[in-house]
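Visitor: I would like a close look at a single part of this model, followed outward to whatever surrounds it. Please keep it plain.

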Amino acid sequence: MLFRPSSTDLTHADVTPKSVYTNRRAFLRAMGMTGAAAVAGAAWWKFGVPEEVHATSKLTIASKSPFSTSEKETPLDDVTHYNNFYEFGTGKTDPAKYAQNFRISPWNVSVEGEVKKPRKYSMDDILKIAPLEERIYRHRCVEMWSIVVPWIGFPFSALAKLAEPTPKAQFVAFETYFDAGQMPQAKYSGLDYPYVEGLRLDEAMNPLTLIAVGMYGETLPNQDGAPVRMVIPWKYGYKSIKSIVKIRFVEKQPPCTWNRLAPDEYGFYSNVNPNVDHPRWSQAKERRLGEFTKRNTLMFNGYGDQVASLYNGMDLKKFH
């Protein structure tokens, strides 16, 4: 059932966060147990990351999604310690260190552009748009590592239907929050901010395209895109924009941060494709986070049955 708070219920801003701690102590114990063998099997990159890496709250989940994979989930501890979020630093452990005090309340998302019903949504509004469901998606990062995450959210199409796009709307542009005062590490990244991304409208309306408000049963940690982000599992990870403040329906293809910076390396579509190499490395193999054995990269990250028809007739090497 869909949880709809009454006027006397707590709001998103009222919830007292529950501190979630890492297993760094277990890692340190492992170092002392079996020496080099333990270190070789441990997540060494967590060393030095603060023990409290995110504060989250439980979410009420209406259903488990049939779109979920049956693959083994990547441990929460790994997913919250190894991130790309350049506003909080370019190192993989930087976001867990520097996003600790990121202020995510109050939060508003503006939906605008070629729509009949533009509106600003608070987080409480967003949580009422559609029943929250859990979807276990696999993800492929452009840097050759992959994860499997149980996201909590609802299809982007539910929000789009409320906004009622006009016939002119052919694309959807997304913009993330940016505040140099809260994100001083961003100045070292070489990117232009705020971070922006985009999808073709039919991609955005695909049932797999998710607005995520949580993962692993709780609200999103700061370093993983709190309080609201996109999740697009058949595309490389940088397309799943974090900490969204603006969604704009537009007529023409919008700019995207990485595509604008290096269009030869990062295409607008950015579909997972083992046959299209990054100019500096092959995309044919990937390594699941926490594992050492590489596996073959799947076309569309294994979601071809759901999305391949979106690209019928397109040269997927040219439109990468």
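With which side chain does the side chain of Arg-135 make a polar contact at 2.8 Å?

Guide: The partner is Glu-133: its side chain and that of Arg-135 make a polar contact at 2.8 Å. The model is a predicted one, and the distance is computed from it. A further polar contact, at 3.4 Å, links the side chain of Arg-135 to the side chain of Ser-65.

Arg-135 belongs to strand 6, which covers residues 133-140. Is Arg-135 buried or exposed? With a relative accessible area of 2%, Arg-135 falls under the 20% cut-off and therefore counts as buried. Setting aside neighbours within four places in sequence, Arg-135 has contacts with Ser-65, Phe-67 and Ser-68, with Val-149, Pro-150, Trp-151 and Pro-155, and with Pro-207, Leu-208 and Leu-210.

Next, helix 6. This helix takes in residues 156-163 and lies across strand 4, strand 5, strand 8 and strand 13. Relative to strand 13 (244-250), helix 6 runs at about 60°. Ser-157 sits in helix 6. Its relative accessible area is 13%, again under 20%, so Ser-157 is buried too. Beyond residues up to four places away in sequence, Ser-157 touches Ala-204 and Met-205.

The strands crossed by helix 6 lead to the sheet. Five strands form an open sheet in the order 5-4-13-8-9, and the pairing is mixed. Strand 5 (119-122) and strand 9 (196-200) are the edges, each pairing on one side only. From one strand to the next, the twist averages 20°. Strand 8, residues 171-176, runs antiparallel to strand 9, and 5 bridges join the two. Within strand 9, Val-196 stands opposite Glu-175.

Finally, the cavity. Searching the whole structure for cavities of 30 Å³ or more gives 1. The volume of the largest cavity is about 60 Å³. Strand 4 and strand 13 each contribute at least two residues to its lining. The lining residues include Val-109, Val-111, Ile-244 and Ile-247. Also among them are Tyr-121, Ile-126, Ile-129, Phe-154, Leu-159, Ile-211, Val-228 and Met-230.

To return to the starting point: Arg-135 is buried in the predicted model, and its side chain makes polar contacts with the side chains of Glu-133 and Ser-65.

Definitions and conventions: Residues are numbered from 1 along each chain as its sequence is written. This is a predicted model: local features need pLDDT of at least 70, side-chain atom pairs count only at pLDDT 80 or more; totals for chains, interfaces and linings use all residues. Side-chain values use heavy atoms; hydrogens and water are left out. Two strands pair if DSSP finds at least two bridges between them. Helices (H or I, at least four residues) and strands (E, at least two) are DSSP runs, numbered from the N terminus. Axes are lines fitted to C-alpha atoms, for helices over the stretch in contact, and angles run from 0 to 180 degrees between N-to-C directions. Contact means heavy atoms within 4.5 Å. Buried means under 20% relative accessible area, exposed over 50%, partly exposed in between (1.4 Å probe, protein chains only). A polar contact is a pair of N or O atoms within 3.5 Å; within protein, one must be able to donate a hydrogen and the other to accept it, and residues adjacent in sequence count only if both atoms are side-chain atoms. On a 1 Å grid over the protein atoms alone, a cavity is a set of points where a 1.4 Å probe fits but cannot get out, and a pocket is an open set with protein on both sides within 12 Å along at least five of seven lines; lining residues have an atom within 4 Å of a point. Grid points are joined across faces, edges and corners, and a volume is the space filled by probe spheres set on the points.
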